[in-house]
Amino acid sequence: MTCHKCGNQLFVNDQYCSRCGERVKSNVSQHESTVINDEPQPSKGKSPILALILSALVVGLGQLYVGQGLKGIVLFGVWVLATIATAGMAMFVIWIINLVDAYQIANKVNQGKHVEEWEFF
Ligand SMILES: [Zn+2]
């Protein structure tokens with residue numbers, strides 16, 4: 001494969017020519033990567049509803065369930081401290097954030113997406 005603009009020799013995975021910077025048309029490799037990303041990975045399946053219920057019972061428990069153990073524990077600690085510091089005002093707010101987060105992360109895991117330890121939503 002060569003660059004259609006300057007004739008520079010290109011590697012198969014190159015998206016831009018290393019000499020002139022021209023965009024390399026490689027529809028085949030783009031199609032392949034799309035297919036790989038769309039493939040579901042049912043072995044990693046987590047129930048968003050169960051994550052929601054667990055986080056509703058104990059802040060951080062849903063995160064623990066979807067594999068974000070450290071985040072779940074820290075989230076619980078932050079919830080306790082913030083609740084004390086604000087005389088209970090932050091309690092409900094963090095609880096809601098924790099619920100939405102657990103649900104969204106479980107959804108991402110279900111879709112086979114890579115979820116970082118500290119990723120939110
Ligand atoms: Zn070129």
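**Helices and core of a predicted all-helix chain**

Read along the sequence, the chain runs α-α-α-α-α, where helices (H or I, at least four residues) and strands (E, at least two) are DSSP runs numbered from the N terminus. This is a predicted model, in which local features need pLDDT of at least 70 and side-chain atom pairs count only at pLDDT 80 or more, while totals for chains, interfaces and linings use all residues. Residues are numbered from 1 along each chain as its sequence is written.

Colleague: How many helices and how many strands does the chain have?

Modeller: The pattern along the sequence is α-α-α-α-α. The count is therefore read from the DSSP runs. The chain has zero strands and five helices.

Colleague: What percentage of the residues in the chain is buried?

Modeller: A residue is buried if 20 or more other C-beta atoms lie within 10 Å of its own, exposed if 12 or fewer, and partly exposed in between, with C-beta atoms placed from the backbone. The chain has 121 residues. Of these, the buried share is 19%.

Colleague: What span does helix α4 reach from its first C-alpha to its last?

Modeller: Helix α4 covers residues 69–85, which is 17 residues. The expected span of a helix is 1.5 Å times one less than its number of residues. For α4 the expected value is 24 Å, and the span reached is close to it, at 24 Å.

Colleague: Within what arc do the buried residues of α4 fall, seen down its axis?

Modeller: The buried residues of α4 are Lys71, Gly72, Leu75 and Trp79. Seen down the axis of α4, they line one face of the helix because their directions fall within a single arc, taken from the helix axis to the C-beta atoms. An α-helix has 3.6 residues a turn, so residues three or four places apart point the same way. The arc for α4 is 100°.

Colleague: Which exposed residues lie on the face of α4 turned away from its buried side, and which helices does the buried side pack against?

Modeller: The face turned away carries Leu70, Gly77, Leu81, Ile84 and Ala85, which are exposed. Packing is judged by contacts, where two residues are in contact if their C-beta atoms, placed from the backbone, lie within 7 Å. The buried residues of α4 pack against α3 (61–65) and α5 (89–110).

Colleague: Which residue in the loop between α4 and α5 has a positive phi?

Modeller: Most residues other than glycine have a negative phi, and most peptide bonds are trans. In the loop between α4 and α5, one residue that is not a glycine has a positive phi of about 55°. This residue is exposed, with 8 other C-beta atoms within 10 Å. It is Ala87.

Colleague: Which residues of helix α2 are buried?

Modeller: Helix α2 covers residues 48–57. Seen down its axis, the buried residues fall within an arc of 95°, so they line one face of the helix. The face turned away carries the exposed residues Ile49 and Leu57. The buried residues of α2 are Ala51, Leu54 and Ser55.

Colleague: Which helix supplies the largest share of the largest nonpolar core?

Modeller: A nonpolar core is a set of buried Ala, Val, Leu, Ile, Met, Phe, Trp, Tyr and Cys residues joined through C-beta atoms within 7 Å. The largest one has 10 residues: Ala51, Leu54, Leu64, Tyr65, Val66, Ala102, Tyr103, Ile105, Ala106 and Val109. α2, α3 and α5 each supply at least two of them. The largest share, five residues, comes from α5.

Colleague: Which residues does Tyr65 contact, leaving aside its neighbours within four places in sequence?

Modeller: Tyr65 belongs to the largest nonpolar core. Ala51 and Leu54, also in that core, are among its contacts. The full list is Lys46, Leu50, Ala51 and Leu54.

Colleague: Which helices are included in what covers the buried residues of α5?

Modeller: α5 has 22 residues and reaches 33 Å, close to the expected 32 Å. Its buried residues are Asn98, Asp101, Ala102, Tyr103, Ile105, Ala106 and Val109. What covers them includes α2, α3 and α4.

Colleague: How far apart are the C-alpha atoms of Ile94 and Val78?

Modeller: Ile94 lies in helix α5 and is partly exposed, with 19 other C-beta atoms within 10 Å. Not counting residues up to four places away in sequence, Ile94 touches Val59, Val78, Trp79 and Ala82. Ile94 and Val78 are 16 residues apart along the chain, and their C-alpha atoms are separated by 8.7 Å.
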